[in-house]
Amino acid sequence: MSTARKCPICGKPPVEAFKPFCSKRCADIDLNRWLTGAYVIPARDDEPVNDDLAAGADEDDNI
Ligand SMILES: [Zn+2]
């Protein structure tokens, strides 16, 4: 028996069918890390811009 190795993703004991992972899910996660690690994931560009809020507050302070 060899219980020294653990699933590198979650640390659970590996399953024979998916060694060295404990499940297909963890194997997929590791594969995904390999794939995404080779490419830089661009930051999402759909966040609202808050410049209008800051500018509006300044104008209200001027009397
Ligand atoms: Zn796992």
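**Exercise 1. Spacing and geometry of the zinc site**

Task: Establish how the donor residues of the zinc ion are spaced in sequence, and which geometry their donor atoms adopt.

Solution.

Step 1. The spacing of the donor residues along the sequence reads C-x2-C-x11-C-x3-C. The structure under discussion is a predicted model.

Step 2. The pattern is filled by Cys7, Cys10, Cys22 and Cys26, each of which offers its SG atom to the zinc ion from 2.3 Å.

Step 3. The angles subtended by the four donor atoms run from 98 to 120°. Four donors are classed as tetrahedral if all angles lie between 85 and 135 degrees, so the arrangement around the zinc ion is tetrahedral. For reference, the ideal angle for four tetrahedral donors is 109.5 degrees.

**Exercise 2. What the site joins, and its exposure**

Task: Determine which parts of the chain are tied together by Cys7 and Cys26, and decide whether Cys7 is buried or exposed.

Solution.

Step 1. Cys7 belongs to the segment before helix H1 (24-38), while Cys26 is in helix H1 itself; the pair therefore ties together parts that are 19 residues apart in sequence.

Step 2. The cut-off for a buried residue is under 20% relative accessible area. Cys7 has 3% relative accessibility and thus counts as buried.

Step 3. The same test can be applied to two further donors. Cys26 is buried at 7%, and Cys22 is buried at 14%.

Step 4. These values may be set against the chain as a whole, where 6% of the 63 residues count as buried.

Step 5. The structure holds zero disulfides.

**Exercise 3. The segment before H1**

Task: Identify which peptide bond is cis, and state how far apart Lys6 and Phe21 are in sequence and in space.

Solution.

Step 1. The peptide bond that runs from Lys19 to Pro20 has omega near 0° and is cis. Pro20 is located in the segment before H1.

Step 2. Lys6 also has its place in the segment before H1. Its C-alpha lies 7.4 Å from that of Phe21, although the two residues are 15 residues apart in sequence.

Step 3. With a relative accessibility of 56%, Lys6 counts as exposed.

**Exercise 4. Salt bridges**

Task: State how many salt bridges the structure holds, and find which residue pairs with Lys19 and which with Lys24.

Solution.

Step 1. The count of salt bridges is two. In general, oppositely charged side chains can pair when their charged atoms come close.

Step 2. Lys19 pairs with Glu16, with 3.5 Å between the closest N and O atoms. Glu16 is exposed at 63% relative accessibility, whereas Lys19 is partly exposed at 46%.

Step 3. Lys24 pairs with Asp28, at an N to O distance of 3.1 Å. The two residues are four residues apart in helix H1, so about one helical turn separates them.

Step 4. Both members of this second pair are assigned by relative accessible area: Asp28 is partly exposed at 36%, and Lys24 is partly exposed at 49%.

**Exercise 5. Nonpolar surface and overall make-up**

Task: Name which residues make the nonpolar surface patch, and give how many helices and strands the chain contains.

Solution.

Step 1. The patch consists of Leu31, Trp34 and Leu35 and covers about 380 Å².

Step 2. Trp34 is part of helix H1. Its relative accessibility is 66%, and since the cut-off for exposed is over 50%, Trp34 counts as exposed.

Step 3. The accessible surface of the chain comes to about 6,100 Å², of which carbon and sulfur atoms supply 55%.

Step 4. In secondary structure, the chain has two helices and zero strands.

Key:
Residues numbered from 1 in each chain as written. Predicted model: local features only at pLDDT ≥ 70, side-chain atom pairs only at ≥ 80, totals over all residues. Heavy atoms only, no water. Buried < 20%, exposed > 50% of the residue type's maximum accessible area, 1.4 Å probe, protein only. Areas by Shrake-Rupley, 256 points an atom, 1.4 Å probe, with all protein chains shown as cover. Donors = N, O, S within 2.8 Å, 3.2 Å for Na, K, Ca; no water. Tetrahedral: all angles 85-135°; square planar, octahedral: opposite > 155°, others 65-115°. Patch = residues over 30% accessible without salt bridge, like charges linked within 9 Å, V, L, I, M, F, W, Y side chains within 5 Å. Salt bridge = Lys/Arg side-chain N within 4 Å of Asp/Glu carboxyl O. Disulfide = S-S within 2.5 Å.
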